[in-house]
Amino acid sequence: MILKLYELRREAVMREARSYVGGDFLPASASEFIQIVSAGDRRSSFVLQVYGYWEMVAAFVRSGALDAELLYNTCPEMYFQYAKIQPYLAQFREEMNMPEFLISIEQLIDRSRTGRKRLEAMQKNLAAIAEVRSRSASKPRTTSKPTSKPRTKSKPQTKR
């Protein structure tokens, strides 16, 4: 019973982590990426958990335990997540003194023409997402207060 509760909690945390990394997490620079990972808070644990999972999967493929085509056909999420940080990865590795951080993902994608094409497509998608987010963030928020009192139906007048 306790083991089952632990498994359910672990699955819920992973879903929450994937939701954050797949959604709100969209660093705009290496500095921002480093700040998020270095914060030591819930968000940084989410980032490290999700990317650690995909790094493990990529390492399984590179070692021959999983088929690369199977991963490509069933896990576009890995490419999407990697596209979010790929432009900042070299600086992250250097500043954090972590030269092998996500090396399996990088090598798996870089060594495949289809992987590189998918990464490019994901980066275009992310650029469009970032553009939409920046446009919506720059629009002033308005409240929808009525400008006049709502009309009420008047009772019909009867003649006396």
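**View 1. Helix α5 meeting helix α7 in the predicted model.** Here α5 (residues 76-85) and α7 (residues 103-110) have axes that come within 11 Å and cross at roughly 110°. That crossing makes α5 roughly perpendicular to α7. On the α5 side, the contact is made by Met78, Tyr79 and Tyr82, and α7 answers with Ile105, Glu106, Leu108 and Ile109. Sort those residues by type and you get six nonpolar, no polar and one charged.

**View 2. Met78 and the largest nonpolar core.** This core has 38 residues, and Met78 is listed with Phe25, Phe33 and Val47 as having the most contacts inside it. Helices α1, α2, α3, α5, α6, α7 and α8 each chip in at least two residues, with α3 giving the largest share, eight residues. Leaving aside neighbours within four places in sequence, Met78 touches Trp54, Ala58, Leu71, Ile105, Leu108 and Ile109.

**View 3. The Glu106–Arg93 salt bridge.** Back to Glu106, one of the α7 residues in the α5 contact: its side chain meets that of Arg93 at 3.0 Å, N to O. Glu106 is in α7 and Arg93 in α6, so the pair ties together parts 13 residues apart in sequence. Are these two buried or exposed? Both are buried.

**View 4. Two more of the five salt bridges.** Arg42 and Glu16 pair up at 2.6 Å, N to O. Arg42 belongs to α3 and Glu16 to α1, so this bridge links parts 26 residues apart in sequence. Arg42 is partly exposed at 42% relative accessible area, and Glu16 is partly exposed at 34%. Lys124 and Glu120 have their closest N and O atoms 3.6 Å apart, and sit four residues apart in α8, about one helical turn. Lys124 is exposed at 56%, while Glu120 is partly exposed at 45%.

Methods. Residues are numbered from 1 along each chain as its sequence is written. This is a predicted model: local features need pLDDT of at least 70, side-chain atom pairs count only at pLDDT 80 or more; totals for chains, interfaces and linings use all residues. Side-chain values use heavy atoms; hydrogens and water are left out. Axes are lines fitted to C-alpha atoms, for helices over the stretch in contact, and angles run from 0 to 180 degrees between N-to-C directions. Angles under 35 degrees count as roughly parallel, over 145 as roughly antiparallel, 65 to 115 as roughly perpendicular and the rest as oblique. Contact means heavy atoms within 4.5 Å. Ala, Val, Leu, Ile, Met, Phe, Trp, Tyr, Cys and Pro count as nonpolar, Asp, Glu, Lys and Arg as charged, and the others, Gly among them, as polar. A nonpolar core is a set of buried Ala, Val, Leu, Ile, Met, Phe, Trp, Tyr and Cys residues joined through side-chain atoms within 4.5 Å. Buried means under 20% relative accessible area, exposed over 50%, partly exposed in between (1.4 Å probe, protein chains only). A salt bridge is a side-chain nitrogen of Lys or Arg within 4 Å of a carboxyl oxygen of Asp or Glu.
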